[in-house]
Amino acid sequence: MSFEMTKGLFKYDFTDQHAILGIPLDAEFNDIRKRYMKIARRLHSDTCSFEDQADKDWANQFLSKVVNPAYNKFSKESDRKEYSLLLAAIAKRVVKEQAKMQIESEAAKQLATAKNWEEAYKIAVNKLALKQYESVKETQEAIDRISELNMVYLLRKERLGGGVGVPPISPPKAVTPSTEKTAAAATPATATPPPPPPKPEVSAAEAYCRRAQGFMDSKSYAKAILELKEGLKRDPKHSHAHALLAMCYLEQNQATMAKLEMNKALASNPEEPTALEVKKKLEQVSAKAKKGDDKPGFFASLFGGKKK
């Protein structure tokens with residue numbers, strides 16, 4: 001299977017992870033994660049709606065070999081910083097070689113001359129992202145077009161001297177005791193002390209979730225469950241971990257445990273996408289079981305089906 005992308009920033013021997021995920025270059029990590037979850041549900045073998053089996057096989061391979069590595073590049077702080085440096089270097093190269101630049105898509109041509117180009121850029125990326133994973137053909141075409149938009153965006157931003165970087169996952173580190181003493185010496189005694197640094201946004205359980213997702217992609221649900229349980233020991237209220245655990249139990253037909261973990265996830269985050277997906281699946285199976293089956297079955301009994 002060929003996953004070759006050759007337009008936009010891919011011409012510079014650079015893997016445009018933003019284009020693969022269909023997100024703007026200044027996207028925050030929470031938005032990146034939400035987008036990844038949506039794509040994963042679209043391409044995963046258990047939830048893929050492609051009709052042709054060859055397309056389904058392609059989707060599953062594309063998820064594991066292209067989409068998952070793209071998301072992982074943003075998930076780890078060290079990888080994210082490395083990618084940000086590479087992106088900044090590519091921006092300078094784009095400016096240097098702009099005379100050779102070839103723009104093919106109409107959206108990128110319009111962006112090159114747009115007055116409110118930053119707003120036009122985000123609108124164009126979001127428009128392409130809406131149908132990016134509707135089919136095999138649309139996926140690769142959309143990635144190429146988004147990468148062209150990214151190329152033009154880098155050119156215009158670098159010309160203004162704005163520079164390009166990927167927003168960090170977590171806030172800056174707390175001030176060390178030595179720097180605190182220096183600051184105190186230079187600050188009047190009546191000055192209001194600075195507020196304490198905010199807590200990091202990324203939980204220790206997130207690493208376990210990423211490993212568990214890998215096991216889930218290969219349908220190794222028992223291993224995924226072990227990873228998630230370890231993660232929950234470190235962060236018992238981690239909604240994503242509870243949601244993935246619920247999905248694992250659902251895939252193993254353990255509806256009671258699935259419902260329990262789903263409720264825990266939604267209690268921490270009522271908008272948790274994986275938990276909402278589990279809830280929808282449980283409700284769908286329950287509804288089917290209530291439509292005249294002589295025996296209500298496992299899921300129907302869980303949701304209050306009548307016993308014969």
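A salt bridge is a side-chain nitrogen of Lys or Arg within 4 Å of a carboxyl oxygen of Asp or Glu. In this predicted model, Arg 33, Glu 206 and Glu 272 are linked in a network of such bridges. The structure holds 15 salt bridges in total, and a few of them make a good starting point for a tour.

**Salt bridges along and across the chain**

Side chains of opposite charge can pair when their charged atoms come close. Three pairs are set out here, with the distance between their N and O atoms.

| Pair | N to O distance |
|---|---|
| Glu 134 and Arg 42 | 3.6 Å |
| Glu 261 and Lys 264 | 3.9 Å |
| Lys 281 and Glu 277 | 3.7 Å |

The pair of Glu 134 and Arg 42 ties together distant parts of the chain, 92 residues apart. Glu 134 sits in the loop between α6 (117-130) and α7 (136-159), while Arg 42 belongs to helix α2 (residues 29-43). Both partners are partly exposed: Glu 134 has a relative accessible area of 40%, and Arg 42 has 22%.

The other two pairs each lie within one helix. Glu 261 and Lys 264 are three residues apart in helix α12 (residues 255-268), about one turn of the helix. Lys 281 and Glu 277 are four residues apart in helix α13, so about one helical turn separates them. An α-helix has 3.6 residues a turn, so residues three or four places apart point the same way.

How accessible are these partners? Glu 261 counts as buried at 6% relative accessibility, whereas Lys 264 is partly exposed at 37%. In α13, Glu 277 is buried at 14%, and Lys 281 is partly exposed at 22%.

**A look at helix α13**

Helix α13 covers residues 273-289. At 1.5 Å a residue, its 17 residues should span 24 Å, and the end C-alpha atoms are indeed 24 Å apart, so the two values agree.

Which residues of α13 are buried? They are Thr 274, Ala 275, Glu 277, Val 278, Leu 282, Ser 286 and Ala 289. These residues cover an arc of only 165° around the axis, and therefore lie on the same side of α13. The face turned away from that buried side carries Lys 280 and Lys 288, both exposed.

The N-terminal end of α13 is capped by Glu 272, with a side-chain oxygen 3.1 Å from the backbone nitrogen of Thr 274. Glu 272 also takes part in the salt-bridge network with Arg 33 and Glu 206, while Thr 274 is among the buried residues of the helix.

**Asn 68 and its partners**

Asn 68 is found in helix α3 (residues 53-75). With a relative accessible area of 11%, Asn 68 is buried, because the cut-off for that label is under 20%.

Which side chains make polar contacts with the side chain of Asn 68? One is that of Tyr 36, at 2.6 Å, and another is that of Asp 217, at 2.8 Å. Setting aside neighbours within four places in sequence, Asn 68 is in contact with Tyr 36, Leu 63 and Asp 217.

**Cysteines**

How many disulfides does the structure hold? There are zero. Two cysteines can be placed by their accessibility: Cys 48 is buried, with a relative accessible area of 10%, and Cys 209 is buried as well, at 1%.

Terms used. Residues numbered from 1 in each chain as written. Predicted model: local features only at pLDDT ≥ 70, side-chain atom pairs only at ≥ 80, totals over all residues. Heavy atoms only, no water. Disulfide = S-S within 2.5 Å. Buried < 20%, exposed > 50% of the residue type's maximum accessible area, 1.4 Å probe, protein only. Expected span 1.5 Å × (residues − 1). Arc of directions from axis to C-beta. Polar contact = N/O pair within 3.5 Å; in protein donor to acceptor, adjacent residues only side chain to side chain. Contact = heavy atoms within 4.5 Å.
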